[in-house]
Amino acid sequence: MSEGNRRFLLAERPTGPVDDKTFNLVTEEIPTIADGEALVRVKWISIDPTNRMWIGPEPTYLPPVGIGEEMRALGLGEVVESKSDDYPVGAIVTGLTGWQDYMITSAAMPLMTVPAGIPVEPQTLLGTLGMTGCTAYFGMLEIGDPQEGETVVISAAAGAVGSVAGQLAKQRGARVVGIAGGPEKCAWLKDELGFDEAVDYKADDWRAQLKAATPNGIDVDFENVGGEIMEAVFSRLNMNARVALCGLISGYNDTEPAPGPRTFGNLLVQRVKLQGFIILDYYARFPEALEALGGMVAAGTLRTEETVVEGFEQLPTALNMLFAGENTGKLVVHIED
Ligand SMILES: NC(=O)c1ccc[n+]([C@@H]2O[C@H](COP(=O)([O-])OP(=O)(O)OC[C@H]3O[C@@H](n4cnc5c(N)ncnc54)[C@H](OP(=O)(O)O)[C@@H]3O)[C@@H](O)[C@H]2O)c1
């Protein structure tokens, strides 16, 4: 065990990207467990765009992290001491661990125990075979519901959710177009993941690229970004198109809400169905999604990709990486083996 329990506590609310004033890094004693509790050594932490929303001033689907409170985050760890029948020593668990080395389990916020012997890397359990994969699964297959031959567009396509969502749409027989930043990510989408087309939104001619990539319009928008990209996609939506509104990352560091999309009227004209969703609402159905996704990973029909950052102290830096597009696939921080 390490000497103490490092924890990042929220010091002040950022007004843009997080910086060195946003968190206080403290080292406390490793907590001791009472009857019914277990001590978890956190080993991997999931970096999610929603982490930034949780430290903003307004409640979202969860209350904001309070000033002085530990940063909320999903993670994966191992039970190292236990006085609980639910969490035997050695069990691998995932859930809300926070940005800390050690956590004590609580009945109010149970952790999920990973079945022993799953033949995947632990970090994949925070990505494709975790909350991220479930978001892609339900958002694409149930809300987007692409049909064979339809055109599906995914923004932030080379990221954690987008890269899985696109592959699932391909399996349905759709024509899949990803939007991502830079030629490398675009090449990765086409050459490695089998997307039909990729649009580099950092190129000057990205609107022309989007038009050329969607000659028959767009039937499903898996929306991760918002802002100008969403506006351009909305302008190309077909009759009875579906929008799975998953995220609006382009605005998460802003203090003012983005202006409404000027192309919103096309949703009316084209009878578009737009549904926002929060993956927590599907929690009871995670086993179904994880079984399906796990089968695809095992069969080699679903590629998983992670960007791993080493070291607990890197957590705030890692959060900013999401907004600079410095990850491909799932971004995770590795704390300890
Ligand atoms: N509804 C839910 O329950 C739920 C659950 C999980 C995630 N989400 C949402 O899904 C989206 C993707 O999340 P993720 O975890 O998979 O993250 P991610 O896609 O792995 O990482 C974020 C990516 O967004 C792109 N990006 C960042 N700022 C951008 C901007 N201003 N314009 C365009 N692209 C930008 C970057 O890629 P580029 O290099 O391509 O710019 C970056 O790699 C987020 O909006 C997130 O909030 C929603």
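# Asking how we know: cores, ligand and domains

User: What makes up the largest nonpolar core in this predicted model, and which members touch the most others?

Analyst: The largest nonpolar core has 44 residues, and Phe138, Met140, Ile154, Leu168, Leu189, Phe222 and Leu293 touch the most other members. The elements giving two or more residues to this core are α2 (131-144), β8 (151-155), α3 (160-171), β9 (175-180), α4 (183-191), β11 (218-223) and α8 (286-299). Helix α2 gives the most, with seven residues.

User: Why is this core said to lie between the domains?

Analyst: Domain 1 (5-121 + 305-334) and domain 2 (131-280) both give residues to this core, so the core lies between them. There is also a second, separate core of 31 residues, which includes Val42, Ile45, Val93 and Leu111.

User: What does leucine 168 touch?

Analyst: Leaving out residues up to four places away in sequence, leucine 168 touches Ala136, Tyr137, Met140, Leu141, Leu293 and Met296. As a general background, nonpolar side chains tend to be buried together in soluble globular proteins.

User: Why is threonine 128 called buried?

Analyst: Buried means under 20% relative accessible area. Threonine 128 has a relative accessible area of 4%, so threonine 128 is buried. Threonine 128 is found in the loop between β7 (112-113) and α2. Apart from neighbours within four places in sequence, threonine 128 is in contact with Gly133, Val164, Leu293, Val297, Leu302 and Thr304.

User: And asparagine 238, how do you know whether it is buried or exposed?

Analyst: The same test applies: the cut-off for buried is under 20%. Asparagine 238 has a relative accessible area of 19%, so asparagine 238 is buried. Asparagine 238 lies in strand β12 (residues 237-245). Not counting residues up to four places away in sequence, asparagine 238 touches Asn216, Gly217, Ile218, Asp219, Gln270 and Val272.

User: Now the ligand. Which residues are the closest to it?

Analyst: The ligand is surrounded by 28 residues, and the closest are Lys185, Tyr201, Phe277, Ile279 and Asn327.

User: What makes the pairing of isoleucine 279 with the ligand a polar contact?

Analyst: A polar contact is a pair of N or O atoms within 3.5 Å. A backbone N or O atom of isoleucine 279 lies 2.7 Å from an oxygen atom of the ligand, and that pair meets the cut-off of 3.5 Å. For alanine 160, a backbone N or O atom is 2.8 Å from a ligand oxygen atom. A polar backbone atom of glycine 181 is also 2.8 Å from an oxygen atom of the ligand.

User: How much of the ligand does the protein bury?

Analyst: Taken alone, the ligand exposes 900 Å², and the protein buries 91% of that. The elements giving two or more residues to the shell around the ligand are α2, α3 and α9 (315-323).

User: Which residues of α9 are buried, and what covers them?

Analyst: The buried residues of α9 are Leu315, Pro316, Ala318, Leu319, Met321 and Leu322. Their cover includes β1 (5-10), β2 (23-28), β3 (38-46), α1 (49-54), β14 (306-310) and β15 (330-334). Just after α9, glycine 325 takes a positive phi of about 70 degrees.

User: How are domain 1 and domain 2 placed with respect to each other?

Analyst: Taken over C-alpha atoms, the centres of domain 1 and domain 2 are separated by 29 Å. The contact takes 18 residues from domain 1 and 15 residues from domain 2.

Definitions and conventions: Residues are numbered from 1 along each chain as its sequence is written. This is a predicted model: local features need pLDDT of at least 70, side-chain atom pairs count only at pLDDT 80 or more; totals for chains, interfaces and linings use all residues. Side-chain values use heavy atoms; hydrogens and water are left out. A nonpolar core is a set of buried Ala, Val, Leu, Ile, Met, Phe, Trp, Tyr and Cys residues joined through side-chain atoms within 4.5 Å. Buried means under 20% relative accessible area, exposed over 50%, partly exposed in between (1.4 Å probe, protein chains only). Helices (H or I, at least four residues) and strands (E, at least two) are DSSP runs, numbered from the N terminus. Domain bounds come from an automatic or database domain assignment. Contact means heavy atoms within 4.5 Å. A residue is near a molecule or strand if one of its heavy atoms lies within 4 Å of it. A polar contact is a pair of N or O atoms within 3.5 Å; within protein, one must be able to donate a hydrogen and the other to accept it, and residues adjacent in sequence count only if both atoms are side-chain atoms. Accessible areas come from the Shrake-Rupley method with a 1.4 Å probe; for residues, only the protein chains shown count as cover.
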